[in-house]
Amino acid sequence: MPRARDLGVEIGRLPPGPANAITDVDGVRVGHTTLIEGESVRTGVTVVLPPSEPCFAGAHRINGNGELTGLEWIRDSGLLTTPIGLTNTHSVGVVRDALVAAAQHGDGDDRWSLPVVGETWDGVLNDINGFHVKPEHVASALAAAADDAVAEGSVGGGTGMICHGFKGGIGTASRVVEDGWMVGVLSQANHGRRARLRVNGVPVGERIGADVVPLPGRGAGEGAGSIIVLIATDAPLLPGQCERLARRAAFGIARTGGMGERSSGDFALCFATGNRGFDTDEGELALRMLNDRRINPLYEATIDAVEESILNALLASETMTGRDGNIVHGLPHEQLLEALGQAGSSITSST
């Protein structure tokens, strides 16, 4: 499926990395297990693996009607020490437990693990109370994790998700800032109302109404969904700086029309790979820190990449029929480009 840039839609002024994905940050890998079975199973699990050593990290809660496990230890220690899992709301526990099991090396040394697992609700298309995600699906996603192009749309944890009244799911993007640092983003997009959808500031959701593309089936509850945003960078950031990048995810979500509704669970987590070597008994560690006077371009990169990751999730997701015959339509590419043209937009951003 074409991505935003394949259609001539460019977000922001900064260039993307080689894959325009979170895996452009060296050492980061992504894997999916997608479950599409019968008429009612539309779910899965996505894993994002940071480098094997602990990384400085920070998190931000935009709206708290959701879950991202392990955040208290990240806030306290400033460290991300595990892979990150993404799945549906009622499968958080099994994914967490499977990540704990995967951290054990079978050598009799019981290792401490407090995994990070995020969720969004896929119950419109998926039999969410059937608990179809199993430990072996997490193991498969871990085994499939790679550092190249990332599958998007209705894959992994994003399989049954809905975004702005269209089929949503997994999206990713990256940016290179002037100093050469890379920022990569991966989103599980399951949020927003159709009428609020914006692309490059153009109100395309208003121009692609229910008379053009029907809204999702019963029980969808427009605006009631959630989004998880993961941000990776190779810049040498300290935990407080990571938290500040995580906060900027909210700006990218807002650009597309998201507003963190009361019933939405919106979380962002940022980890930075520019400092390594924490797993040691040395009494003193040498750290690097990006000068705060040079951090604004990373904010810009984060905001633009979040916006583009959401759009890529929409563009990659085709119409899906699921539980109870509910149908969620994909965002039609021709209508999107037509809506951008109706607004007198140049399509490509000038900022």
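## Briefing: cavities, pocket and salt bridges

The largest cavity holds about 50 Å³ of space. Keep in mind that this is a predicted model. A search of the whole structure turns up 2 cavities of 30 Å³ or more and 16 salt bridges, and the largest pocket comes in at about 640 Å³. Here's the rundown by topic.

**Cavities**

- The lining of the largest cavity is made up of Ile11, Leu197, Arg198, Val199, Asn200, Thr256, Glu307, Ile310, Leu311 and Leu314.
- Sorted by class, the lining of the largest cavity gives 6 nonpolar, 2 polar and 2 charged residues.
- As for the second largest cavity, about 40 Å³ of space lies inside.
- Around the second largest cavity you'll find Gly70, Trp73, Ile74, Leu79, Leu80, Thr81, Thr82, Leu114 and Val116.
- Two elements, α1 (71-77) and β4 (79-80), each put at least two residues into the lining of the second largest cavity.
- No charged residues show up in the lining of the second largest cavity, which splits into 6 nonpolar and 3 polar.

**The largest pocket**

- The largest pocket has about 640 Å³ of space, and of its 23 lining residues, Ser52, Thr81, Thr82, Pro83 and Ala103 are the closest to its centre.
- Thr81 and Thr82 turn up here and also in the lining of the second largest cavity.
- Helix α2 (residues 92-103) gives the most to the lining of the largest pocket, chipping in 3 residues.
- By class, the lining of the largest pocket breaks down into 12 nonpolar, 6 polar and 5 charged residues.

**Salt bridges**

- Arg3 pairs with Glu152 in a salt bridge, with 2.8 Å between the closest N and O atoms. This pair ties together distant parts of the chain, 149 residues apart: Arg3 sits in the segment before β1 (29-37), and Glu152 in the loop between α3 (135-144) and β7 (162-163).
- Both partners are tucked away: Arg3 is buried because its relative accessible area is 18%, under the 20% cut-off, and Glu152 is buried too, at 14%.
- Glu72 and Arg75 form another salt bridge, the closest N and O atoms being 2.9 Å apart. Both residues belong to helix α1 and are 3 residues apart, about one turn of the helix.
- With 58% relative accessibility, Glu72 counts as exposed, while Arg75, at 40%, counts as partly exposed.
- Arg198 meets Glu206 through a salt bridge as well, at 3.6 Å from N to O. Glu206 is exposed, with a relative accessible area of 51%, and Arg198 is partly exposed at 25%. Arg198 is also one of the residues lining the largest cavity.
- Arg5, Arg175 and Glu308 are joined up in a network of salt bridges.

**Phe267 and its surroundings**

- Phe267 belongs to strand β12 (residues 265-272).
- Its relative accessibility is just 6%, so Phe267 counts as buried.
- Leaving out residues up to four places away in sequence, Phe267 touches His60, Arg61, Asn63, Gly64, Gly66, Glu67, Leu68, Leu71, Ile227, Ile228 and Val229.
- One of those contacts is Arg61: Phe267 and Arg61 are 206 residues apart in sequence, yet their C-alpha atoms are 4.8 Å apart in space.

**Helix α6**

- Helix α6 (residues 296-316) has 21 residues, so at 1.5 Å a residue it should span 30 Å; the C-alpha atoms at its ends are 30 Å apart, which agrees.
- The rest of the structure largely encloses α6, because 18 of its 21 residues are buried.
- Among the residues lining the largest cavity are Glu307, Ile310, Leu311 and Leu314, whose numbers fall within the 296-316 range of α6.

**Positive phi values**

- Phe131 has a phi near 50 degrees, a positive value in a residue other than glycine. Phe131 is located in the loop between β6 (116-120) and α3, and with a relative accessible area of 43% it is partly exposed.
- Asp324 also has a positive phi, near 60 degrees, and again this is a residue other than glycine. You'll find Asp324 in the loop between β13 (320-321) and β14 (327-328). Asp324 is exposed because its relative accessible area is 52%, over the 50% cut-off.

Terms used:
Residues are numbered from 1 along each chain as its sequence is written. This is a predicted model: local features need pLDDT of at least 70, side-chain atom pairs count only at pLDDT 80 or more; totals for chains, interfaces and linings use all residues. Side-chain values use heavy atoms; hydrogens and water are left out. Helices (H or I, at least four residues) and strands (E, at least two) are DSSP runs, numbered from the N terminus. Buried means under 20% relative accessible area, exposed over 50%, partly exposed in between (1.4 Å probe, protein chains only). Contact means heavy atoms within 4.5 Å. On a 1 Å grid over the protein atoms alone, a cavity is a set of points where a 1.4 Å probe fits but cannot get out, and a pocket is an open set with protein on both sides within 12 Å along at least five of seven lines; lining residues have an atom within 4 Å of a point. Grid points are joined across faces, edges and corners, and a volume is the space filled by probe spheres set on the points. Ala, Val, Leu, Ile, Met, Phe, Trp, Tyr, Cys and Pro count as nonpolar, Asp, Glu, Lys and Arg as charged, and the others, Gly among them, as polar. A salt bridge is a side-chain nitrogen of Lys or Arg within 4 Å of a carboxyl oxygen of Asp or Glu. The expected span of a helix is 1.5 Å times one less than its number of residues.
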